[in-house]
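Visitor: I am new to this structure and should like to learn how to read it. Please take me through its features one by one.

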Amino acid sequence: MPDQSHVGRRYEATGQVVDGGGAEAFAEAIAGSDDVFSPGAVPPTYAAFYCLFPTLYQLFSDAEVGVNLAGLVHGEQAFEWPAAVRAGDVVDATAVIASVEEKRGMTFLGIEHEARRQDGETVCRGRSLMIIR
């Protein structure tokens, strides 16, 4: 189970290629029957694929941290996009355990996320709060 000793632990997924075809399919799926606003653009929430999934997989697989997936609740998510990401961009994603708090018999795990293009420009930054029962 996560505890204070895990604060600062870092997970990195370098060389994540932003897949244009995947981004387009994602845009069409979330648009529903509406037209896609900007054909060829990468939807902001596509960050889940290049920023969250590769690093959270590492965190959730980290036996030393010991996240109990059966008791995991995704409590909160926030993103900001300081620069546009484009299909074909290669980004390096990181996640850092920012906080671990015990409240009412549950563990609240705060995670900070960031994705940077290989030129160093940040294209996505975010925070997650995971609640472990």
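Visitor: How far apart are the end C-alpha atoms of α2, and what span should its 15 residues have?

Guide: The expected span of a helix is 1.5 Å times one less than its number of residues. For α2, with 15 residues, that gives 21 Å, and the end C-alpha atoms are 20 Å apart, which agrees. Please note that this is a predicted model, in which local features need pLDDT of at least 70 and side-chain atom pairs count only at pLDDT 80 or more, while totals for chains, interfaces and linings use all residues. Residues are numbered from 1 along each chain as its sequence is written, and side-chain values use heavy atoms, with hydrogens and water left out.

Visitor: How many helices and strands does the protein have?

Guide: Helices (H or I, at least four residues) and strands (E, at least two) are DSSP runs, numbered from the N terminus. Here there are two helices and five strands, in the order β-α-α-β-β-β-β along the sequence.

Visitor: Where in α2 does a kink lie?

Guide: The bend at a residue is the angle between axes fitted to the seven residues ending there and the seven starting there. In α2 a kink of about 35° lies at Phe-53, shortly before the proline Pro-54.

Visitor: Which residues of α2 are buried, and what covers them?

Guide: Buried means under 20% relative accessible area, exposed over 50%, and partly exposed in between (1.4 Å probe, protein chains only). The buried residues of α2 include Ala-47, Tyr-50, Leu-52, Pro-54 and Leu-59. Their cover includes β1, β2, β3, β4 and β5. Across the protein, buried residues make up 39% of the 133 residues.

Visitor: How many aromatic pairs are there?

Guide: Rings of Phe, Tyr and Trp (its six-membered ring) pair if their centres lie within 6.5 Å; planes under 30 degrees apart count as stacked, over 60 as edge-to-face and the rest as tilted. By this rule there are five aromatic pairs. One of them is edge-to-face and joins Phe-26 to Phe-49, at 5.5 Å centre to centre with 80° between the planes. Because Phe-26 lies in helix α1 and Phe-49 in helix α2, this pair ties together parts that are 23 residues apart in sequence. Phe-26 counts as buried at 19% relative accessibility, whereas Phe-49 is partly exposed at 38%. Ring pairs also link Phe-26, Tyr-46, Phe-49 and Phe-53 into a cluster.

Visitor: In what sense do β3 and β4 pair?

Guide: Two strands pair if DSSP finds at least two bridges between them. Strands β3 (residues 90–103) and β4 (residues 106–117) are antiparallel, with twelve bridges. Strand β3 also runs antiparallel to β1 (residues 10–17), joined by six bridges. Val-91 of β3 is the bridge partner of Gln-16, and in β4 the partner of Val-91 is Arg-117. Two residues lie between the strands in the hairpin of β3 and β4, where Arg-104 takes a positive phi near 50°.

Visitor: Is Met-130 buried or exposed, and which residues does Met-130 touch?

Guide: Met-130, in strand β5, is buried, with a relative accessible area of 4%. Contact means heavy atoms within 4.5 Å. Leaving aside residues up to four places away in sequence, Met-130 touches ten residues' worth of neighbours, among them Leu-56, Phe-60, Leu-72, Phe-108 and Ile-111. In the protein, residues 24 or more positions apart account for 71% of the contacts with a separation of 6 or more.
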